[in-house]
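Me: Please take a close look at the inside of this structure for me. I am in my first year, so keep the sentences short.

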Amino acid sequence: VTHSIPACIGSMTINGKQLDNESPVSIFAVNKCYETVQDGTFFDGSGFAALVREGYKVRSDVNITLEFRTTAAHGVLLGVSSARVDAIGLEIVHGKVLFHVNNGAGRLTASYEPRGTKSLCDGKWHKLQANKSKHHISLIIDGNLVHTDNPYVQSTSADTNNPIYVGGYPADVKQNCLTSKTSFRGCLRNLVLTKGQHRELFDFSRAFDLRGVFPHSCPGAEH
């Protein structure tokens, strides 16, 4: 066995002596255990998850669905870019969710802002769906639809071939459709990207780079 166990371990004794796990000699990728835990992936606000090392091709159509839970008003949710301007990006900025798309002719943004006293940063789960269909883009948050007109109707394909970065991205990586560099702090679950009939549910434990991300559990409440 070469991989770690996704579990909590406590009260370990060797030869009758209890080990002190509060002050280890060294520690790597070990998080706290929580009395109440939920399915999902915890992002501690310091890093990101990198998926699809060989590069993800957005092209003309993609539908992204995920659920998020946070108390922070800023944070990167997802970005796929290219060496040129073509890219897509999802982020939370000042409590609003923004979905950016650039098919090569210019950036287009669909923005969702909760009304009244409602907040997307209330520590509760919220459902997000972002859809790009050629030059049309739309955003659905908790069943509320936002779409935007696109003046660049001739440009329909986002020709990306870079990894999918979730919850943030490395400092040396360019993201043409993200305005924020703030890493997400909170929990994500059920990330699905659909292209036509092909539906892919992403398992964060299979990411090729994980920094500040704990793929198997979320604390039941903010600690």
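## Inside the domain

Reply: Start with residues 38–218, where the chain is 0% helix and 55% strand. The C-alpha atoms at the two ends of this stretch are 5 Å apart. Keep in mind that this is a predicted model. The stretch also has a label: an unreviewed UniProt entry annotates residues 38–218 as "domain: Laminin G".

Now look at the nonpolar core. The largest one has 41 residues. Which residues have the most contacts inside this core? They are Leu 78, Leu 90, Leu 128, Leu 139, Ile 164, Val 166 and Leu 191. Strand β4, residues 41–56, gives the core its largest share, five residues. Apart from this core lies another one, of six residues. Among its members are Phe 48, Ala 50, Tyr 165 and Tyr 169.

Zoom in on Leu 128. Set aside its neighbours within four places in sequence. Leu 128 then contacts Leu 90 and Leu 139, which are also on the list of residues with the most contacts in the core. Its other partners are Ile 64, Thr 65, Leu 66, Phe 68, Leu 77, Val 97, Ile 140 and Ile 141.

Next comes a polar residue. Ser 81 is in strand β6, residues 75–81. Is Ser 81 buried or exposed? Its relative accessibility is 0%, so Ser 81 counts as buried. Its side chain makes a polar contact with the side chain of Asn 176, at 3.1 Å. Ser 81 also touches Asp 86, Ala 87, Thr 160, Asn 161, Asn 162, Lys 174 and Gln 175, again without counting residues up to four places away in sequence.

Move on to Asn 150. This residue sits in the loop between β12 and β13, where β13 covers residues 162–166. A loop residue can be buried too: Asn 150 has 14% relative accessibility, so it counts as buried. Where does its side chain reach? One partner is the backbone oxygen of His 135, at 2.7 Å. Another is the backbone nitrogen of Tyr 152, also at 2.7 Å. Beyond four places in sequence, Asn 150 is in contact with Leu 108 and His 135.

Asn 150 leads on to an empty space. The structure holds one cavity of 30 Å³ or more. The volume of the largest cavity is about 40 Å³. Asn 150 helps line this cavity, together with Val 101, Asn 103, Gly 106, Leu 108, Tyr 152 and Ser 155. You have met Leu 108 already, as a contact of Asn 150. You have met Tyr 152 too, through its backbone nitrogen.

Last, check the backbone at two residues. Val 52 is not a glycine, yet it has a positive phi of about 60°. It is found in strand β4, the strand with the largest share of the 41-residue core. The relative accessible area of Val 52 is 18%, and the cut-off for buried is under 20%, so Val 52 is buried.

Asp 142 is not a glycine either, and it has a positive phi of about 50°. Asp 142 lies in the loop between β11, residues 136–141, and β12, residues 144–148. How accessible is Asp 142? The value is 38%, so Asp 142 counts as partly exposed. Set the two side by side: Val 52 is in a strand, whereas Asp 142 is in a loop.

Note on methods: Residues numbered from 1 in each chain as written. Predicted model: local features only at pLDDT ≥ 70, side-chain atom pairs only at ≥ 80, totals over all residues. Heavy atoms only, no water. Core = buried A, V, L, I, M, F, W, Y, C linked by side-chain atoms within 4.5 Å. Buried < 20%, exposed > 50% of the residue type's maximum accessible area, 1.4 Å probe, protein only. Helix = DSSP H or I, 4+ residues; strand = E, 2+ residues; numbered from the N terminus. Contact = heavy atoms within 4.5 Å. UniProt positions renumbered as here; feature names shortened; annotations may be inferred. Polar contact = N/O pair within 3.5 Å; in protein donor to acceptor, adjacent residues only side chain to side chain. 1 Å grid on protein atoms, 1.4 Å probe; cavity = no way out; pocket = protein on both sides within 12 Å on 5 of 7 lines; lining within 4 Å. Points joined across faces, edges and corners; volume = space filled by probe spheres on them.
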